[in-house]
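Hi everyone, thanks for having me. I'll walk you through one small story today, so let's bring the picture up and get going.

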Amino acid sequence: MVDLTGSHDVKAICPRCMGNGYIRVQGEPLNCPQCDSQGWVMLPAYQCRINIEGGIEPRWMKSGESI
């Protein structure tokens, strides 16, 4: 279990590409500039939450899940 208290960095799903590694701009697939096509970013733990599937994502990311 990951500790999400404090200011240490944790690996979280990229909020821009939603973990895919690419984004679409005018219908063209481009590599995600935020995560360098990795699908994840390092964020401070206090800005993250555990989603319903058990992954770590930013608190502000809207995943559409219902709890």
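Okay, so reading from the N terminus, the elements of this protein go β-β-β-β-β-β. That's 6 strands and 0 helices. Keep in mind that what you're looking at is a predicted model.

Some overall numbers next. The protein has 67 residues, and 31% of them count as buried. Its accessible surface is about 4,700 Å², and carbon and sulfur atoms own 50% of that. Then there's the question of how the chain meets itself. If you take the contacts with a separation of 6 or more, 49% of them are between residues 24 or more positions apart.

Let's go inside. In soluble globular proteins, nonpolar side chains tend to be buried together. Here, the largest nonpolar core has 13 residues. Which of them touch the most other members? That would be Leu 4, Val 10, Cys 14, Cys 17, Cys 35, Cys 48 and Ile 56. As for the strands, S1, which covers 9-13, and S4 each give this core at least two residues.

I'd like to stay with Cys 48 for a second. Leaving out residues up to four places away in sequence, Cys 48 touches Leu 4, Val 10, Ala 12, Leu 43, Ile 56, Glu 57, Pro 58 and Arg 59.

One name on that list is Glu 57, so let's follow it. Glu 57 is in strand S6. Is Glu 57 buried or exposed? Buried, because its relative accessibility is 2%, and the cut-off for buried is under 20%. What does its side chain do in there? The side chain of Glu 57 has a polar contact of 2.4 Å with the side chain of Arg 49. There's also a polar contact, at 3.5 Å, between the side chains of Glu 57 and Asn 51.

Now walk a little further along the chain. Strand S6 covers 56-58, and Trp 60 sits in the segment after it. Trp 60 counts as partly exposed because its relative accessibility is 48%. Its C-alpha is 8.3 Å from that of Cys 48, and the two residues are 12 apart in sequence. And what does Trp 60 touch? Setting aside residues up to four places away in sequence, Trp 60 touches Pro 15, Leu 43 and Gln 47.

While we're on rings: how many aromatic pairs are there? The count comes to 0. There is a charge over a ring, though: Lys 11 lies over the face of Trp 40, 4.4 Å from the ring centre.

Last stop, the loops and the backbone. Most residues other than glycine have a negative phi. Gln 26 isn't a glycine, yet its phi is positive, about 55°. You'll find Gln 26 in the loop between strand S2, at 22-25, and strand S3, at 28-31. Gln 26 counts as exposed because its relative accessibility is 82%.

Ser 37 is another one: its phi is near 65°, so again a positive value in a residue other than glycine. Ser 37 belongs to the loop between S3 and strand S4, which covers 40-44. With a relative accessible area of 32%, Ser 37 is partly exposed.

That's my tour, thanks for listening!

Notes: Residues numbered from 1 in each chain as written. Predicted model: local features only at pLDDT ≥ 70, side-chain atom pairs only at ≥ 80, totals over all residues. Heavy atoms only, no water. Helix = DSSP H or I, 4+ residues; strand = E, 2+ residues; numbered from the N terminus. Buried < 20%, exposed > 50% of the residue type's maximum accessible area, 1.4 Å probe, protein only. Phe/Tyr/Trp six-rings, centres within 6.5 Å; stacked < 30°, edge-to-face > 60°. Lys NZ or Arg CZ within 6 Å of the ring centre and 35° of its normal. Contact = heavy atoms within 4.5 Å. Areas by Shrake-Rupley, 256 points an atom, 1.4 Å probe, with all protein chains shown as cover. Core = buried A, V, L, I, M, F, W, Y, C linked by side-chain atoms within 4.5 Å. Polar contact = N/O pair within 3.5 Å; in protein donor to acceptor, adjacent residues only side chain to side chain.
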